[in-house]
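I opened this one to see how the chain is put together and where the charges sit. My notes are below, in the order I looked things up.

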Amino acid sequence: MSSETSNAVGGASYASAGVDIEAGDRAVELMKEWVKKTRRPEVLGGIGGFAGLFDASALKRYERPLLASATDGVGTKVDIARQLGVYDTIGHDLVAMVMDDIVVCGAEPLFMTDYICVGKVHPERVAAIVKGIAEGCVLAGCALVGGETAEHPGLLGEDDFDVAGAGTGVVEADRLLGADRIREGDTVIAMASSGLHSNGYSLVRHVLLKTAGLSLDSRIEELGRTLGEELLEPTKIYSLDCLALTRTTDVHAFSHVTGGGLAANLARVIPDTLHATVDRSTWTPGPVFDLVARTGGVERLELEKTLNMGVGMIAIVPEESTDAALATLADRGVDAWVAGEITARGEHTTGAELVGDHQR
């Protein structure tokens with residue numbers, strides 16, 4: 001073997017290929033304190049093992065426990081975080097996208113794992129991302145039992161990253177929520193979103209940043225803050241609010257308003273024989289939605305099938321439970337209102353539709 005070949009092989013290392021194991025180890029040390037804040041009594045051990053452990057004997061109190069599972073990411077919103085150099089809020093978005101899907105069926109969030117993929121491990125940056133995930137888990141009432149940080153040099157730029165996560169919850173079988181509980185005459189209650197949440201950012205970035213050429217540092221008067229601050233506003237986490245509703249009222253179903261918009265997501269929980277009508281005149285979407293529509297000339301139908309338009313979660317309750325449901329949400333500081341009703345499907349071809357015009 002020639003010395004040139006020998007040197008090339010002998011001198012190669014994981015570090016020379018772009019992977020820094022020591023930086024990864026430091027990131028784990030930095031994130032430990034945040035993961036600890038999410039601990040539930042059912043969690044065994046700490047981070048650093050090959051698997052997170054959750055004591056399933058806690059489920060013995062259930063007659064027939066059903067496990068609910070979901071996985072999701074944050075989409076291109078991560079690019080806003082990268083450009084702004086703000087990494088400790090994107091984790092809230094991740095938890096919301098996963099755990100608010102799980103709570104839709106009435107399940108209590110139990111635990112979550114995350115996956116963070118980076119071009120280069122910057123320990124403080126990774127720890128900041130995990131900090132946000134941990135804070136989100138606290139807001140959702142679940143434990144962060146583990147995760148993975150992967151370094152992909154050559155595939156991602158040094159500052160590029162993406163996040164994803166998976167979660168598990170549990171619900172008693174006879175308390176499972178969904179389409180089979182919904183009845184004609186039920187009330188549709190809307191819960192306000194905190195902004196764009198984590199969907200439609202490909203459209204938003206195309207319209208505001210690429211086409212209009214706006215800067216993330218630009219102060220937008222109608223928003224009352226910079227564009228970057230608005231676009232990075234964390235997704236509201238509704239998990240504990242929804243669970244509170246299930247304890248105080250007879251909830252029939254929830255719908256998490258994510259990709260596809262309000263009508264399409266609401267239709268997912270409406271039975272074939274019924275129809276949900278949502279009246280736009282019951283609320284005014286936040287100014288960011290009008291900004292996107294006006295700046296990009298985006299038609300209302302396109303906007304409504306892409307963005308949440310100011311509604312992040314829907315609860316469907318019996319008419320007689322409406323006041324109690326609104327009172328529970330008000331006590332928890334959730335902006336909520338009656339947005340529509342459930343009627344017979346009749347000649348309607350879809351499970352849900354928006355009618356009327358928004359307030360100005």
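These entries go from the overall picture to single residues.

**Entry 1: overall picture.** First thing to write down: this is a predicted model. I counted up the secondary structure and got twelve helices and 14 strands. The protein has 360 residues, and 50% of them count as buried. I then asked for the accessible surface, which comes to about 16600 Å². Carbon and sulfur atoms own 50% of that area. For contacts between residues at least 6 apart in sequence, I found that 85% join residues at least 24 apart.

**Entry 2: helix H3.** I picked H3, residues 77–84, to see what is tucked away there. Lys-77, Val-78, Asp-79, Ile-80 and Ala-81 are buried in this helix. What covers the buried residues of H3? The cover includes three helices, H4 (90–102), H6 (201–211) and H7 (227–231), along with strand S6 (161–172). I also checked the exit of the helix: Gly-85, just after H3, takes a positive phi of about 70°.

**Entry 3: salt bridges.** How many salt bridges does the structure hold? I get 18. General reminder to self: side chains of opposite charge can pair when their charged atoms come close.

I looked at Arg-294 with Glu-222, a salt bridge at 3.0 Å, N to O. This pair links distant parts of the chain, 72 residues apart. Arg-294 sits in helix H10 (residues 287–296), and Glu-222 is in the loop between strands S8 (219–220) and S9 (225–226). Arg-294 counts as partly exposed because its relative accessibility is 47%. Glu-222 gets the label partly exposed as well, at 35%.

Next I pulled up Arg-225 and Glu-230, whose closest N and O atoms are 3.0 Å apart in their salt bridge. Buried or partly exposed: which is Glu-230? Glu-230 is at 8% relative accessibility, so it counts as buried. Arg-225 is at 22%, so I have it down as partly exposed; the cut-off for buried is under 20%.

Then Asp-241 and Lys-236: they form a salt bridge too, with closest N and O atoms 3.9 Å apart. Asp-241 is buried because its relative accessible area is 7%, while Lys-236 is partly exposed at 27%. There is also a network in which salt bridges that share partners join Asp-79, Arg-82, Asp-160 and Arg-205. I had already met Asp-79 among the buried residues of H3.

**Entry 4: Val-334.** I found Val-334 in the loop between H12 and strand S13 (336–344). Why does Val-334 count as buried? Its relative accessibility is 5%, and the cut-off for buried is under 20%. I then listed its contacts, leaving aside neighbours within four places in sequence: Met-191, Lys-236, Asp-241 and Leu-329. Two of these names, Lys-236 and Asp-241, are the salt-bridge partners from my previous entry. I also took a C-alpha distance from Val-334 to Ser-193 and got 9.6 Å, although the two are 141 residues apart along the chain.

**Entry 5: positive phi.** Most residues other than glycine have a negative phi. That made me look for exceptions here.

His-197 has a positive phi of about 60° and is not a glycine. I placed His-197 in the loop between strand S7 (187–192) and H6. With a relative accessible area of 2%, His-197 is buried.

Met-309 also turned up, with a positive phi of about 60° despite not being a glycine. Where does Met-309 lie? I found it in the loop between helix H11 (300–304) and S12. Met-309 is at 9% relative accessibility, so it counts as buried.

**Entry 6: negative charge on the surface.** Last, I looked for surface charge. Which residues gather in a patch of negative charge? I noted Glu-184, Asp-250, Glu-319, Glu-320 and Glu-341. I followed up Glu-319, which has its place in the loop between strand S12 (311–317) and helix H12 (322–331). Glu-319 is exposed because its relative accessible area is 59%, and exposed means over 50%.

Note on methods:
Residues numbered from 1 in each chain as written. Predicted model: local features only at pLDDT ≥ 70, side-chain atom pairs only at ≥ 80, totals over all residues. Heavy atoms only, no water. Patch = residues over 30% accessible without salt bridge, like charges linked within 9 Å, V, L, I, M, F, W, Y side chains within 5 Å. Areas by Shrake-Rupley, 256 points an atom, 1.4 Å probe, with all protein chains shown as cover. Salt bridge = Lys/Arg side-chain N within 4 Å of Asp/Glu carboxyl O. Lys, Arg positive; Asp, Glu negative; His and termini not counted. Charge placed at Lys NZ, Arg CZ, Asp CG, Glu CD. Helix = DSSP H or I, 4+ residues; strand = E, 2+ residues; numbered from the N terminus. Buried < 20%, exposed > 50% of the residue type's maximum accessible area, 1.4 Å probe, protein only. Contact = heavy atoms within 4.5 Å.
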